[in-house]
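Student: I have a structure in front of me and a list of terms. Can we go through what earns each label?

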Amino acid sequence: MSTTPVLRIAMNGITGRMGYRQHLLRSILPIRDQGGVTLSDGTKVQVEPILVGRNEEKIKELARQHKVELWTTDLDGIIEDPSVDVVFDASMTNLRPDTLKKAMAAGKHVYTEKPTAETLGEAVELARIARDKGVTAGVVHDKLYLPGLVKLRRLVDEGFFGRILSLRGEFGYWVFEGEIQAAQRPSWNYRKEDGGGMTTDMFCHWNYVLEGIVGSVKSVNAKTATHIPTRWDERGREYTATADDAAYGIFELETPDGDQVVAQINSSWAVRVYRDELVEFQIDGTHGSAVAGLTKCVAQQRAHTPKPVWNPDLPVTDSFRDQWQEVPANAELDNGFKLQWEEFLRDVVAGREHRFGLLSAARGVQLAELGLQSSAERRTIDVPEVQL
């Protein structure tokens with residue numbers, strides 16, 4: 001009787017918010033419980049998570065709670081374990097390059113959160129190692145798998161927009177300082193010395209969103225800010241926020257057809273939400289426009305576009321939101337993190353490159369670096385092509 005092959009996955013940093021909720025709870029455990037990942041030939045490969053972290057009590061309890069047999073606090077030991085196939089990393093950014101280097105040196109396939117490194121040089125080095133070692137390397141590009149952005153990309157592919165003119169993005173929410181109400185993000189996010197910062201965190205995302213939906217990023221003009229200079233950590237201790245908590249960026253893009261597009265994205269952890277979702281993107285084109293969030297996407301064709309007239313002396317009677325039509329999914333869209341995990345694991349089994357590898361992550365690190373440089377120097381900076 002044939003048995004289902006198993007991929008053993010060491011999951012590092014699994015006690016963190018993203019590592020636990022999105023990667024363990026909403027991705028790997030559901031994949032395990034559904035019997036594994038279905039391959040192109042209809043067969044399956046099962047997954048076996050190994051929980052890795054520094055806090056033995058937390059790791060042991062998570063393993064017990066979710067019926068995971070294997071756990072460890074010895075990251076180096078599990079990397080060297082010949083029975084481990086994949087090393088996943090969701091730890092702090094400043095620890096990530098060392099973990100990924102060790103894993104790839106041991107011949108492991110790697111899947112990782114981003115940013116992959118704090119500098120472009122480190123990020124490119126990781127991509128070179130993956131190429132030279134011949135391992136399958138994947139970087140989390142979760143937002144491209146969100147239902148809202150899947151629909152937005154489909155509109156681009158179908159030519160709905162005509163010539164794309166601009167993209168506008170709004171992201172963020174109020175992160176409590178931690179003094180009276182506990183902060184909903186870890187304190188290291190607000191310390192530059194620990195790899196924190198809005199630009200470092202989110203420009204990596206915006207790079208792959210812009211690349212994956214519209215086109216390549218050719219220049220950046222950014223303004224960063226630390227709006228909340230004092231915060232309180234997980235133990236209630238006051239600390240100085242040394243990293244930026246907001247980044248306002250203007251990006252020049254080029255579509256595959258050579259059209260020039262202006263993108264503007266505001267990112268802030270010091271803003272209160274007055275929109276339908278925590279992140280929204282609007283694309284405007286000659287033939288139509290669309291607005292996409294995490295799940296929903298609405299569109300307005302040129303023929304259905306109203307003709308508003310500016311008159312400050314009269315109240316607005318038009319309901320502008322009602323003039324847009326919702327874009328249907330036309331397919332069942334699963335959790336984005338889980339979908340990318342499944343795609344990555346299929347690539348591991350097939351021995352091929354993952355489409356979102358460490359080079360794409362390096363471009364994200366590059367954009368974050370240049371965004372910080374742009375803000376410091378108060379100028380627009382061109383984005384050169386990243387070469388291995």
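Tutor: Start with Asp347. This is a predicted model, and in it Asp347 has a relative accessible area of 6%. Buried means under 20%, so Asp347 counts as buried.

Student: What makes the pairing of Asp347 and Arg352 a salt bridge?

Tutor: The distance between their side chains. It is 2.5 Å, N to O. The cut-off is within 4 Å, so the pair qualifies.

Student: Why is Arg352 called partly exposed?

Tutor: Its relative accessibility is 44%. Partly exposed lies between the 20% and 50% limits, so Arg352 falls in that class.

Student: Why can such side chains pair in general?

Tutor: Side chains of opposite charge can pair when their charged atoms come close.

Student: How many salt bridges does a search of the whole structure find?

Tutor: The search finds 24.

Student: Take Asp98 and Lys102. How do you know that their side chains meet in a salt bridge?

Tutor: Their N to O distance is 3.3 Å. That is within 4 Å, so the label holds.

Student: What separates Asp98 and Lys102 along helix α4?

Tutor: They are 4 residues apart, so about one helical turn lies between them.

Student: Are Asp98 and Lys102 buried or partly exposed?

Tutor: Asp98 has 45% relative accessibility. Lys102 has a relative accessible area of 33%. Each value lies between 20% and 50%, so both residues count as partly exposed.

Student: What makes Lys143 and Asp142 a salt bridge?

Tutor: Their side chains meet at 3.6 Å, N to O. The limit is 4 Å, so they pass. Both residues are buried.

Student: Which residues are linked with Asp142 and Lys143 in a network of salt bridges?

Tutor: Glu113 and Lys114 are linked with them in that network.

Student: Now the helices. Why are α4 and α5 called roughly parallel?

Tutor: Helix α4 covers residues 96-105 and helix α5 covers residues 120-133. They pack at an angle of about 10°, with axes 10 Å apart. Angles under 35 degrees count as roughly parallel, so α4 and α5 get that name.

Student: Which residues make the contact?

Tutor: From α4 they include Leu100 and Met104, and from α5 they include Leu126 and Ile129. By class, the contact has 7 nonpolar, no polar and 4 charged residues.

Student: Ala105 is also in that contact. Is Ala105 buried or exposed?

Tutor: Its relative accessible area is 54%. Exposed means over 50%, so Ala105 is exposed. The C-alpha atoms of Ala105 and Pro312 are separated by 65 Å. The two residues are 207 residues apart along the chain.

Student: What makes α7 oblique to α9?

Tutor: Helix α7 (residues 198-213) and helix α9 (residues 358-377) pack at about 125°, with axes 8 Å apart. Roughly perpendicular runs from 65 to 115 degrees, and roughly antiparallel needs over 145. An angle of about 125° fits neither class, so α7 is oblique to α9. Their crossing is right-handed.

Student: What classes of residue meet there?

Tutor: The contact of α7 with α9 divides into 6 nonpolar, 6 polar and 2 charged residues. Thr200 and Phe203 of α7 are among them, as are Ala368 and Leu372 of α9.

Student: How do you know that Thr200 is buried?

Tutor: Thr200 has a relative accessible area of 17%. That is under 20%, so it counts as buried. Beyond its neighbours within four places in sequence, Thr200 is in contact with Pro115, Gly195, Ala368 and Leu372.

Key
Residues numbered from 1 in each chain as written. Predicted model: local features only at pLDDT ≥ 70, side-chain atom pairs only at ≥ 80, totals over all residues. Heavy atoms only, no water. Axes fitted to C-alpha atoms, helices over the stretch in contact; angles between N-to-C directions. Helix = DSSP H or I, 4+ residues; strand = E, 2+ residues; numbered from the N terminus. Contact = heavy atoms within 4.5 Å. Nonpolar A, V, L, I, M, F, W, Y, C, P; charged D, E, K, R; others polar. Buried < 20%, exposed > 50% of the residue type's maximum accessible area, 1.4 Å probe, protein only. Left-handed = near helix turned anticlockwise from the far one by under 90°.
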